[in-house]
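Me: I'm new to this structure and would love a close look at one part of it. Could you walk me through that part slowly and show how it sits in the whole?

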Amino acid sequence: MRSGYNFTDDVRHLLALARIESHRLRHEYVGTDHLLLAYTNEEVPAAVRLLEALSVDPAGVRANIERVVQSGTSPRG
C-alpha cells in the first residue's frame, strides 16, 4: 500500500502553483488565498473555466486578492 496522499496530477499542479504564490508573497504557509491565486492562474485552464462557468471573473478574483493580501516577511531563497 502506498503511503501519503493520492492526489491527481491536476491537484498536485494546483498545489505547486499555490506554493509558488505563497513564496512570491513571502509567506511561510499555503492558505486559501494562495489556492485561489493558483485557481486564477491560466496554467490551470480547467479551474479558470470553472470560475467562468460560475460567472466569476478570474482576473477580478486575482486583483482583489492581490489588493487585500499583504506581503509577508519570509526571506525568499
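Me: Let's begin with Arg-24: is Arg-24 buried or partly exposed?

Reply: Happy to take a look with you. Please keep in mind that this is a predicted model. Arg-24 is partly exposed, because its relative accessible area is 33%, and the range for that label starts at 20% and ends at 50%.

To place Arg-24, it helps to have the overall picture. The chain has 77 residues, and its secondary structure consists of four helices and zero strands. Read from the N terminus, the order of elements is α-α-α-α. Along the principal axes, the C-alpha trace spans about 45 × 35 × 15 Å. Of the residues in the chain, 30% are buried. The surface that the chain exposes comes to about 5,700 Å², and 56% of that is supplied by carbon and sulfur atoms.

Now back to Arg-24 and its partners. Its side chain meets that of Glu-21 in a salt bridge, with 2.7 Å from N to O. Both residues belong to helix α1, where they are three residues apart, or about one turn of the helix. The two have different labels for exposure: Glu-21 is buried because its relative accessible area is 5%, under the 20% cut-off, whereas Arg-24 is partly exposed at 33%.

Glu-21 has another partner as well. Its side chain forms a salt bridge with that of Arg-62, again with 2.7 Å from N to O. Here the pair reaches across the chain: Glu-21 is in helix α1 and Arg-62 is in helix α4 (residues 58-68), so the salt bridge ties together parts that are 41 residues apart in sequence. Arg-62 is partly exposed, with a relative accessible area of 24%.

Arg-24 also reaches over to helix α4. The side chains of Arg-24 and Glu-66 meet in a salt bridge of 2.6 Å, N to O. This pair links distant parts of the chain, since Arg-24 sits in helix α1 and Glu-66 in helix α4, 42 residues apart. Glu-66 is partly exposed, with a relative accessible area of 32%. Put the pairs together and you get one network: Glu-21, Arg-24, Arg-62 and Glu-66 are joined by salt bridges that share partners. For the chain, the count of salt bridges comes to four.

Links between distant parts of the chain also show up in the contacts. Among contacts with a separation of 6 or more, 51% are between residues 24 or more positions apart.

Let's follow Glu-21 in another direction, towards His-34. His-34 lies in helix α2, which covers residues 32-39. The C-alpha atoms of His-34 and Glu-21 are separated by 5.7 Å, although the two residues are 13 places apart along the chain. His-34 is buried, with a relative accessible area of 0%. Leaving out residues up to four places away in sequence, His-34 touches Ala-18, Glu-21, Ser-22, Leu-25, His-27 and Tyr-29.

One of those neighbours, Ser-22, is worth a stop. Ser-22 is found in helix α1. It is buried too, as its relative accessible area of 4% shows. Apart from neighbours within four places in sequence, Ser-22 is in contact with His-27, Tyr-29, Val-30 and His-34. His-27 and Tyr-29 therefore appear in the contact lists of both Ser-22 and His-34.

Helix α1 has a part in the largest pocket as well. This pocket holds about 170 Å³ of space. Its lining is made by Asp-10, Val-11, His-13, Leu-14, Tyr-39, Glu-43, Val-44, Pro-45, Ala-46 and Ala-47. The elements that give two or more residues to this lining are α1 and α3 (45-53). The largest share, four residues, comes from α1.

Val-11, one of the lining residues, leads us to the surface. Together with Tyr-5 and Phe-7, Val-11 makes a nonpolar surface patch of about 320 Å². Phe-7 is placed in the segment before α1 (9-24). Like Arg-24, where we began, Phe-7 is partly exposed, with a relative accessible area of 36%.

Conventions
Residues numbered from 1 in each chain as written. Predicted model: local features only at pLDDT ≥ 70, side-chain atom pairs only at ≥ 80, totals over all residues. Heavy atoms only, no water. Buried < 20%, exposed > 50% of the residue type's maximum accessible area, 1.4 Å probe, protein only. Contact = heavy atoms within 4.5 Å. Patch = residues over 30% accessible without salt bridge, like charges linked within 9 Å, V, L, I, M, F, W, Y side chains within 5 Å. Areas by Shrake-Rupley, 256 points an atom, 1.4 Å probe, with all protein chains shown as cover. 1 Å grid on protein atoms, 1.4 Å probe; cavity = no way out; pocket = protein on both sides within 12 Å on 5 of 7 lines; lining within 4 Å. Points joined across faces, edges and corners; volume = space filled by probe spheres on them.
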